[in-house]
Amino acid sequence: QVQLVESGGGLVQPGGSLRLSCVASGLSFSIYTMRWYRRTPGEERDLVATITSTGGSTDYADSVKGRFTISRDNAKNTVYLQMNSLKPEDTAVYYCNARRVRSEYWGQGTQVTVSS
């Protein structure tokens, strides 16, 4: 059974930082492209960041470029999202996604709230 379990969300003041983690089990983690998405109430889930299976390539939404960093540790089956200079508009539920060819899996999400 495949599981993706996110953690690290919470309440943070504007300008602060958080580090999200997503631990995968039940799949060959090192061959999956990993992504972070986020969703605000009433909106579609938006792609935030992507990292290839080896970690050799990353990509970011324009809204987070220069502030967020995606990384992975294949030995720990974990993908991270380091979020700096957080803004109120970053408030959302953040989801971890694993995708390869016809296989796709989602985590349950972790809430990030940026507010003073």
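Let's start with a single residue: Asn97 has 0% relative accessibility, so it counts as buried. Keep in mind that this is a predicted model. Asn97 sits in strand S9, which covers residues 92-100. What does the side chain of Asn97 make a polar contact with? The partner is the side chain of Glu104, at 3.0 Å. Glu104 also turns up among the residues that Asn97 touches once neighbours up to four places away in sequence are set aside, and the others are Leu4, Thr33, Met34, Arg35, Tyr37, Tyr105 and Trp106.

Now step back and take in the whole chain. The protein has zero helices and 11 strands, and reading along the sequence gives β-β-β-β-β-β-β-β-β-β-β. Its radius of gyration is 13 Å, close to the 13 Å that the globule rule gives for 116 residues, so the protein is as compact as a globular protein of that length. If you draw a box along the principal axes, the C-alpha atoms fill roughly 40 × 25 × 25 Å. Of the 116 residues, 39% are buried. Take the contacts between residues at least 6 apart in sequence, and you'll find that 52% of them join residues at least 24 apart.

Next, have a look at one of the sheets. Four strands line up in the order S1-S3-S8-S7 to make an open sheet with antiparallel pairing. Which strands are at the edges? They are S1 (3-7) and S7, each of which pairs on one side only. On average, neighbouring strands in this sheet are turned by 15° against each other, ignoring direction.

You can walk across this sheet pair by pair. S1 and S3 are antiparallel and share five bridges. Along that pairing, Gln3 faces Ser25 of S3, and Glu6 faces Cys22 of S3. Moving on, S3 and S8 are joined by six bridges and also run antiparallel. Here Val23 stands opposite Thr78 in S8.

Ser21 is a handy place to pause, since this residue belongs to strand S3. Is Ser21 buried or exposed? Its relative accessible area is 15%, and the limit for buried is under 20%, so Ser21 is buried. Leaving out residues up to four places away in sequence, Ser21 touches Val5, Glu6, Ser7, Trp36, Thr78, Val79 and Tyr80. Ser21 and Leu81 are 60 residues apart along the chain, yet their C-alpha atoms are separated by 6.5 Å.

That brings us to the inside of the protein. How many residues does the largest nonpolar core have? It has 28, and the ones with the most contacts inside it are Trp36, Val79, Leu81, Met83 and Tyr94. Several strands each supply at least two residues of this core: S3 (18-25), S4 (33-39), S5 (46-51), S7 (68-73), S8 (78-83), S9 and S11 (110-114). Met83 gives you a feel for the surroundings: beyond its neighbours within four places in sequence, Met83 is in contact with Gly16, Ser17, Leu18, Leu20, Arg67, Phe68, Tyr94 and Val112.

Val112 leads us over to strand S11. This strand has a covered face made of Thr110, Val112 and Val114, while Gln111 and Thr113 are on the uncovered one. S11 pairs with S9 in the antiparallel sense over three bridges, and Ala92 has Val112 as its bridge partner there. S11 is also joined by three bridges to S2 (residues 10-12), and this time the two strands run parallel. In that pairing, Val12 is matched with Val114.

Finally, let's visit two loops. Most residues other than glycine have a negative phi. Asn77, in the loop between S7 and S8, has a positive phi instead, near 55°. Asn77 counts as partly exposed, because its relative accessibility is 24%. Val101 is found in the loop between S9 and S10 (103-106). Val101 isn't a glycine either, and its phi is positive at about 55°. With a relative accessible area of 66%, Val101 is exposed.

Terms used. Residues numbered from 1 in each chain as written. Predicted model: local features only at pLDDT ≥ 70, side-chain atom pairs only at ≥ 80, totals over all residues. Heavy atoms only, no water. Buried < 20%, exposed > 50% of the residue type's maximum accessible area, 1.4 Å probe, protein only. Polar contact = N/O pair within 3.5 Å; in protein donor to acceptor, adjacent residues only side chain to side chain. Contact = heavy atoms within 4.5 Å. Core = buried A, V, L, I, M, F, W, Y, C linked by side-chain atoms within 4.5 Å. Pairing = 2+ DSSP bridges. Axes fitted to C-alpha atoms, helices over the stretch in contact; angles between N-to-C directions. Rg over C-alpha atoms; globule rule 2.2 N^0.38 Å.
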